[in-house]
Amino acid sequence: MAVKNYILVCGGTACESSKATEIFNALAAEAEAQGVIDDIQIVKTGCFGFCEKGPIVKILPEEAFYVEVVPEDAKEIISESIVKGRMVERLLYIDEEDKKKGDFDIEDIKFYQKQVRIVLRNCGFIDPEKIDEYIAREGYVALEKVLFEMNPDGVINELKESGLRGRGGAGFPTWMKWNFTKGVKNDQKYIVCNADEGDPGAYMDRSTLEGDPHSVLEAMTIAGYAVGANMGVIYIRAEYPLAIERLEIAIKQAREYGLLGKDILGSGFDFDFEIRLGAGAFVCGEETALLRSIEGNRGMPTPKPPFPAVEGLWGKPTVINNVETWANIPMIILKGGEWFRGIGTERSSGTKVFALTGKINNSGLVEVPMGTTLREIVFDIGGGITGGKKFKAVQTGGPSGGVLTADFLDTPIDFDELTAVGSMMGSGGMIVMDEDDCMIDVVKFYQEFCVDESCGKCAPCRIGTRKLYDILSKISKGKGTHQDLENMETIGNAMKKAALCGLGQTAPNPILSTMKYFRNEYLEHIDDKVCKAGKCKDLVKFEIDPDKCIGCTVCARKCPVNCISGERKQPHFIDQDQCVKCGECYAACKFGAITKS
Amino acid sequence: MAKMTLEELRKLRENKKIELDKRDTEGKSIHIIIGMGTCGIAAGAKESLDAFLEEIDKHNIDNVTVKQTGCMGLCYVEPTVEVKVPGMPDTIYGNVDGATAREIITEHVLAGKLVDKHIFDRPAKDIVKE
């Protein structure tokens, strides 16, 4: 026992292919030679998500982080780091910015991690079902500060100073919403949390509520004090049972402690909560539809103005923000608006949480400062594309957003930059696509989603989404025309102008954005009747090359519709009329006898 | 606990902080913290939890606390578990199935060795502690 140091060698796929095993062996040999083998343990780890700088070696407990290590470095690592207890300076990771400055202190070297976690600060640290653990990590200090040291205007000013913009997607300044509601005279006002997270592939809000429910409760209570409301409503989708359970526990515990209810901490301020469950309609993420749903009406948007800030829930002034926006607020009050403004870009301060999914090695939740580039998210944090394939695009903003192509890998991500290139921040879904993804197929999926989720109240959305979907289907079958492209543009632009709510106004975004950046792909489907990615089933044909087929019968056994026939040891044949283009045979053939065209 | 005053809340916070610090530096107790968000549970965190408890019983270890936390964001390697043993670096393990959980007890907790191939890293610095 009594190991003094641990040497961690990254064993992620990328590092492994760049000689991690050789480094591991070299370190072991050197440790043996220098007589320290019993003082250390060398282990292979999972991916550190910093693959561009791999292979990576980390020494614990000193936390020395060595990058681009080669087997020849082993001798120095052992003699310096282990025997003498010093860092090998030339191998340490140095941030590009520090490098430019030239002069820096080893102690001050920026942490190699690109993520900054404000919203997710407690996720993975505390037990979400124990209020004491939240309290021990500065929980409810912001509420104390607000109730006993600040007046409502002071709170709103701090928010204004922070520059916080709504994280639900549109990016409206949060302080303005609060200020509108504060300015309206009314004996009853409401604070609402939008936890109706509905974008396909997005789960940031779920994780926040499951991991740190008190941060949202604290923030909404603060808002109540700032605008003069005593009632908070959390509208959460019923599909999130664990998040609901933890919220209920959190509310109960806060009430027992007197952090909710009458006369909070003896301040004279009252605030309490109610949870309302959504029934799973995407449109209820739109604020006016959400409020109608709470009232027990059908979840349909109503025209704005009047804005909820003035006439919201039950016709009363209402502040409505989404989960991620709320989770930021206690930290802004604690550390100050200026601190928050120091993170991110000039017009988009703070961080953004993304749910990184799709063809990416390290899928997961990432929280990065605004202004981080797509390249940093996909390659540094995400560990690159699965299977070493080529990056094609990233879809942001779900059914309301667009695509970012390889040309935008170095574009800093914030609200305005994304809008400028025809996508949008959205709530934070980020789906990575590689060369095997067909844009028409992807866009068709989103459009089908919008057809299903359109509430049907206004014609531009109800008819527009259906028409767009029909045209996309036609194109995916190889029956599209150039006129169809023009029509989609006309319909899409009309919807943007005329639809009642955000759902309809943004539904054409995926199409308009891909028509701009992947026009060739549309033309291939229309003119050449070809889907290069092989996703549009009507344009794909699987055939067996009789010269290569040895009659092993694997394909025939794999075929789910039994449309492959042939004698054993004789070339097989696919019945094209029966084939469902699933590709099972293509994947199963070990002899490359099946062609896909 | 009954409703608190401001002073009582502050006192509670200080006490809890001291408890946490004690655990970090001089405390003898071992902590195993399992990520139990929907994602972790879907990936099998409950089975890992059972395996930890069984293995702890089997070896009659009495200074281990097993507890839950939310999602750390490392979805690609769920279930994730943080292991804190005094005198060893706090370690995040990923892809912790039942077998790995048992290995963590026998290797990490009992033998003071890190478990190969399962070590990951916290994705960011702790902003609250700064």
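**Exercise 1: a helix on the inside**

Which residues of H15(A) are buried? Work it out for this predicted model, then say what surrounds the helix.

*Solution.*
- Step 1. Find the helix: H15 covers residues 374-381 of chain A.
- Step 2. Go through its residues with the cut-off in hand: a residue is buried if 20 or more other C-beta atoms lie within 10 Å of its own. You should end up with A:Leu374, A:Glu376, A:Ile377, A:Val378, A:Phe379, A:Asp380 and A:Ile381.
- Step 3. Draw the conclusion. Buried residues make up 7 of the 8 in H15(A), so the helix is largely enclosed by the rest of the structure.
- Step 4. Look for the cover. It includes five strands of chain A: E9 (351-358), E10 (364-369), E11 (391-396), E12 (402-405) and E13 (429-434).
- Step 5. Check what comes after the helix. There you'll meet A:Gly383, with a positive phi near 70°.

**Exercise 2: two of the covering strands**

Describe how E9(A) and E10(A) are linked and paired, and decide how enclosed E10(A) is.

*Solution.*
- Step 1. Follow the chain from one strand to the other: a hairpin of 5 residues connects E9(A) with E10(A).
- Step 2. Get the direction. The two strands run antiparallel and are joined by 6 bridges.
- Step 3. Pick out one pair: A:Ala355 has A:Leu365 in E10(A) as its bridge partner.
- Step 4. Now for burial. In E10(A), 6 of the 6 residues are buried, so this strand is largely enclosed by the rest of the structure.

**Exercise 3: reading a sheet**

In what order do the strands of the open sheet with E7-E6-E5-E8 of chain A pair, parallel or antiparallel, and which stand at the edges?

*Solution.*
- Step 1. Read the sheet across: its 4 strands come in the order E7-E6-E5-E8, and the pairing is parallel.
- Step 2. Find the edges. E7 (272-278) and E8 (318-322) of chain A each have a single partner strand, so one side of each lacks a neighbour in the sheet.
- Step 3. Add the twist, which averages 20° from one strand to the next.
- Step 4. Zoom in on one pair. E5 (residues 190-195) and E6 (residues 231-237) of chain A share 6 bridges in the parallel sense. One of the links goes from A:Asn194 to its bridge partner A:Tyr235 in E6(A).
- Step 5. See what lies on top: H13 (residues 323-335) of chain A crosses E5 and E8 of chain A, at about 95° to E8(A).

**Exercise 4: one side of a helix**

Work out how the buried residues of H7(A) are arranged around its axis, and what they pack against.

*Solution.*
- Step 1. List the buried residues of H7 (residues 152-162) of chain A: A:Val155, A:Ile156, A:Glu158, A:Leu159 and A:Ser162.
- Step 2. Ask where they point. Their arc around the axis is only 155°, so they sit on the same side of H7(A).
- Step 3. Connect this with a rule of thumb. An α-helix has 3.6 residues a turn, so residues three or four places apart point the same way.
- Step 4. Name the partners. The buried residues of H7(A) pack against helices H6 (141-149), H8 (174-183), H10 (213-227), H13 and H14 (337-341) of chain A.
- Step 5. Look just past the helix: A:Gly163 has a positive phi of about 75°.

**Exercise 5: a single alanine**

Is A:Ala74 buried or exposed?

*Solution.*
- Step 1. Place the residue: A:Ala74 belongs to H3 (residues 74-84) of chain A.
- Step 2. Count around it. There are 23 other C-beta atoms within 10 Å, so A:Ala74 is buried.
- Step 3. Find its contacts. Leaving out neighbours within four places in sequence, A:Ala74 touches A:Ile23, A:Ala26, A:Leu27 and A:Glu30.
- Step 4. Compare sequence with space: A:Ala28 is 46 residues away along the chain, yet the two C-alpha atoms are 8.6 Å apart.

**Exercise 6: two chains meeting**

How many residues of chain B are in contact with chain A? Describe that side of chain B.

*Solution.*
- Step 1. Count both sides: 42 residues of chain B meet 53 residues of chain A.
- Step 2. Sort by element. In chain B, H1 (6-24), E2 (64-69) and E5 (119-120) each supply at least two residues. H1(B) gives the most, with 7 residues.
- Step 3. Sort by class: the side of chain B touching chain A has 21 nonpolar, 11 polar and 10 charged residues.
- Step 4. Put chain B in context. Its elements run α-β-α-α-β-β-β-α-β from the N terminus, and 42% of its 130 residues are buried.

Note on methods: Residues numbered from 1 in each chain as written. Chains lettered and ligands numbered in written order. Predicted model: local features only at pLDDT ≥ 70, side-chain atom pairs only at ≥ 80, totals over all residues. Contact = placed C-beta atoms within 7 Å. Nonpolar A, V, L, I, M, F, W, Y, C, P; charged D, E, K, R; others polar. Buried ≥ 20, exposed ≤ 12 C-beta atoms within 10 Å, placed from the backbone. Pairing = 2+ DSSP bridges. Axes fitted to C-alpha atoms, helices over the stretch in contact; angles between N-to-C directions. Arc of directions from axis to C-beta.
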